[in-house]
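I opened my notebook today to get to know a structure that is new to me. Here are my entries, in the order I looked things up.

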Amino acid sequence: MEAALGLLRRMPPKQSETALSALLSLLPQHSSDLLSQVDLPLQVLRDIESGKDFILCEYNRDADSYRSPWSNKYYPLLEDALYPSSELRKLEVEANDIFAIYRDQYYEGGISSVYMWEDVNEGFVACFLIKKDGSKSGHGRRGCLEEGAWDAIHVIQVGPEEEEMAQYCLTSTIMLSLTTDDESSGKFGLSGSIRRQMKMELAVAEGHLCNMGRMIEELEGKLRNSLDQVYFGKTREMVCTLRPPAEIVQMRLPDT
């Protein structure tokens, strides 16, 4: 099991679904553990009633149907489905409206969805999702990549309130893949994923959404910096080593 999870962590996000399917056939006894611990690239479905897209994941799934955060309906229609309580549903609606503003400011477009459900410890769990397609044919505003996808999954477990304080445990996963195809640079592909966790005890005076929003914003900033240093920084270092810019080559040439 540990080796299987290690392998999936090292697979490019575009190939993770194929790798997971192969591992499930090899390790059927660990299927529940693999499905619960492995994050796959996010998929999107249209909510016919609201006319908005929403993100599909294991957190809004019941059988083979997925619940839309906009209309609170399952697609395809499902009888005896699971729904959040009325109080939690009200918080979920507010979170989707606020998170859409956050997504637009930080990502310049994309699709976001927020799902909430009750937890066994008398608290609740919230899942904040963002999918940004930055390709030429995608829903981004710049469209400068041949192919490009950013999938962000933030799952926050909120404990019960005690003396106006609550425990928050945030687990964030970022999956990035991009491909360029330019005459000057040729075809280039880069993909990978990163996961981090943060735990905090915060006062609930300003509300759960404020606390969760600050934690997501802080951890996303750290993940962006890590991606920039690990993926882009190392790639830039290798490219400049193998193919140094013309001015550096000229400086190294002996005088004639």
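**Entry 1: a first residue.** Is phenylalanine 54 buried or exposed? I looked it up and found phenylalanine 54 buried, with a relative accessible area of 0%. A reminder to myself: this is a predicted model.

**Entry 2: aromatic pairs.** I went on to the rings and found seven aromatic pairs in the structure. One of them joins phenylalanine 54 and tyrosine 75, whose ring centres are 6.1 Å apart. Their planes meet at 40°, so I noted the pair as tilted, since that label covers angles that are neither under 30 nor over 60 degrees. The two residues come from distant parts of the chain, 21 residues apart: phenylalanine 54 is in strand 2 (residues 52-56) and tyrosine 75 is in strand 5 (residues 74-75). Tyrosine 75 has a relative accessibility of 16%, so I wrote it down as buried, the cut-off being under 20%.

**Entry 3: a pair within a helix.** Next I looked at tyrosine 102 and tyrosine 106, another tilted aromatic pair, with 4.6 Å from centre to centre and 35° between the planes. Both sit in helix 4 (residues 86-107), four residues apart, which is about one turn of the helix. How accessible is each one? Tyrosine 102 counts as buried at 12% relative accessibility, whereas tyrosine 106 counts as partly exposed at 37%. I then followed the ring pairs further and found that they link Phe99, Tyr102, Tyr106 and Phe128 into a cluster.

**Entry 4: a charge and a ring.** Which residue lies over the face of tryptophan 70? I found lysine 52 there, at 4.4 Å from the ring centre.

**Entry 5: a small puzzle about a sheet.** I turned to an open sheet of three strands, with the order 3-4-5 and antiparallel pairing. Why is one side of strand 3 left without a neighbour in the sheet? Strand 3 (61-62) stands at an edge and has a single partner strand, so one of its sides has no neighbour in the sheet, and the same holds for strand 5. I also checked how strand 4 (residues 65-67) meets strand 5: two bridges join them, and they run antiparallel. Arginine 67 stands opposite tyrosine 74 in strand 5.

**Entry 6: salt bridges.** How many salt bridges are there? I noted a count of 10. Arginine 67 turned up again here, in a salt bridge with glutamate 92, with the closest N and O atoms 2.8 Å apart. This pair also links distant parts of the chain, glutamate 92 in helix 4 and arginine 67 in strand 4, 25 residues apart. I found both glutamate 92 and arginine 67 buried.

Next came lysine 131 and aspartate 151, whose salt bridge has its closest N and O atoms 3.0 Å apart. Lysine 131 is in strand 7 (residues 124-133) and aspartate 151 is in strand 8 (residues 147-158), 20 residues apart. Lysine 131 counts as buried at 16% relative accessibility, and aspartate 151 counts as buried at 3%.

I then noted that salt bridges with shared partners join Glu58, Arg61 and Asp64 into one network.

My last look was at aspartate 53 and arginine 46, which form a salt bridge with the closest N and O atoms 3.1 Å apart. Aspartate 53 is partly exposed, with a relative accessible area of 27%, and arginine 46 counts as partly exposed at 45%.

How values were computed
Residues numbered from 1 in each chain as written. Predicted model: local features only at pLDDT ≥ 70, side-chain atom pairs only at ≥ 80, totals over all residues. Heavy atoms only, no water. Phe/Tyr/Trp six-rings, centres within 6.5 Å; stacked < 30°, edge-to-face > 60°. Buried < 20%, exposed > 50% of the residue type's maximum accessible area, 1.4 Å probe, protein only. Lys NZ or Arg CZ within 6 Å of the ring centre and 35° of its normal. Pairing = 2+ DSSP bridges. Salt bridge = Lys/Arg side-chain N within 4 Å of Asp/Glu carboxyl O.
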